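Morning, everyone. Please bring up the model on your screens, and I'll take you through it.

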Amino acid sequence: MIKTSNPNTLFRANSLATKGVDELMKMIGRPYLRRVLKPSLDKIYEENRSCEIDPARLRSSDILPCNLDNLTRNIDSVYSAIIRSGCDCPFTLSSLFSNLQKQAVQRFPETSDIRYTAVSGFIFLRLFAPAILNPKLFQLQSRSPVPVTSRTLTLVSKVIQSLGNLDTHQAGKEKYMEAISKRVLDMGHVNGVKQFLEDVCKTDNKDDTCSSSYCKEGKLVEYRAASLIGRDYSKRKKLYRLSDSGLTCLRSDDVYTIKKSDIRCVSRVDEDAFGVPHVFQLIHSKGNSLSP
């Protein structure tokens, strides 16, 4: 921040600091991201309605005014979910954003919107917008979108990113974006974003228990016993989080936790059993054993 002379480029480059914050947001903020975005994304995937507004891309069955209405509804759904969630942001991230906001204001005191853009440069441009664009990458969906849905996600992500930039002009340089920009890029929506960013930076009344108990997160290959007699196993790669409370599987369709109190045994498994190294067996009282 000290080396940055232009407030408009603050935190926009990929530095070691920004990459560190990116990883922290993905690890600590993943459950928060699921709560905020997944319901809206589920509906977009399920409905699969055309939101194409580029005349050059329209299919013969497309009706431009209907597509524009569909896109507006999807943007409003995602936008509303985001701006209502400021107080639910994890304590660790809120504390980080609060410190970034204070330092940015001290560094650029004459830039009125720096208290907002310093934070939105992370949470909108590096978390919300990429997660909307690629839900599978962020474990918000289990499958890649079909082309119609993929295009919808691209357009929604582009507008949400513009709102994160506090833009009231146009989302992107394309002429076809003018119509949707006139509908959603206004001071009412921008003020909603500003209030959300203020809420995100508040640490009062936010529980830091979850953040303090967090230990590690990553993907494991799970070998689940399907038949103990026949020694048949199902094999799936899943995202797990290890914390003081237990082991949580962050599946795209559900989240479940094996509590520490339910774990009966953890033991190393011979490499010859599955033909791969670093396998352990976890036996718990709530179901079959897991061998990640």
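Start with Lys38. Its relative accessible area is 13%, so Lys38 is buried, the cut-off being under 20%. Keep in mind that this is a predicted model. Which residue does Lys38 pair with in a salt bridge? The partner is Asp42, and the closest N and O atoms are 3.1 Å apart. Both residues sit in helix H2, which covers residues 30–47. They are four residues apart there, so about one helical turn separates them. Asp42 has 28% relative accessibility, so Asp42 counts as partly exposed. So the bridge joins a buried lysine to a partly exposed aspartate.

The general idea is simple. Side chains of opposite charge can pair when their charged atoms come close.

How many salt bridges are there by this rule? The count is eleven. I'll show two others.

Next, Arg115 and Glu198. Their side chains form a salt bridge, at 2.9 Å from N to O. This pair links distant parts of the chain, with the two positions 83 residues apart. Arg115 belongs to helix H5, residues 114–133. Glu198 belongs to helix H8, residues 187–200. Buried or exposed, where does Glu198 fall? Glu198 counts as buried, because its relative accessibility is 19%. Arg115 comes out at 28%, so Arg115 is partly exposed.

Now Lys175 and Glu178. They form a salt bridge too, and here the closest N and O atoms are 3.7 Å apart. Lys175 is exposed, because its relative accessibility is 65%. Glu178 reaches 31%, so Glu178 counts as partly exposed.

Let's move to the surface. Which residues form a positive surface patch? Lys136, Lys219, Lys235 and Lys237 do. Take Lys237 from that group. Lys237 lies in strand E2, which spans residues 232–243. Why does Lys237 count as exposed? Because its relative accessibility is 61%, and the cut-off for exposed is over 50%.

Stay on strand E2. Ser243 is in this strand as well. Ser243 has a relative accessible area of 14%, so Ser243 is buried. So strand E2 holds an exposed lysine, Lys237, and a buried serine, Ser243. How far apart are Ser243 and Lys259 in space, C-alpha to C-alpha? The distance is 9.6 Å, with their positions 16 residues apart in sequence.

One more serine. Ser162 is placed in helix H6, residues 147–164. Its relative accessibility is 7%, so Ser162 counts as buried. What does Ser162 contact, leaving aside neighbours within four places in sequence? The list is Asp167, Gln170, Ala171, Gly172 and Leu185.

Last, the whole protein. It has nine helices and seven strands. Of its 292 residues, 46% count as buried. Now take the contacts with a separation of 6 or more. Residues 24 or more positions apart account for 61% of those. The accessible surface is about 15,600 Å². Carbon and sulfur atoms contribute 51% of that surface.

To recap the bridges. Lys38 with Asp42 stays within helix H2. Arg115 with Glu198 runs from helix H5 to helix H8. Lys175 with Glu178 has its closest N and O atoms at 3.7 Å. Over to you for discussion.

Terms used: Residues numbered from 1 in each chain as written. Predicted model: local features only at pLDDT ≥ 70, side-chain atom pairs only at ≥ 80, totals over all residues. Heavy atoms only, no water. Buried < 20%, exposed > 50% of the residue type's maximum accessible area, 1.4 Å probe, protein only. Contact = heavy atoms within 4.5 Å. Areas by Shrake-Rupley, 256 points an atom, 1.4 Å probe, with all protein chains shown as cover. Patch = residues over 30% accessible without salt bridge, like charges linked within 9 Å, V, L, I, M, F, W, Y side chains within 5 Å. Salt bridge = Lys/Arg side-chain N within 4 Å of Asp/Glu carboxyl O. Lys, Arg positive; Asp, Glu negative; His and termini not counted. Charge placed at Lys NZ, Arg CZ, Asp CG, Glu CD.
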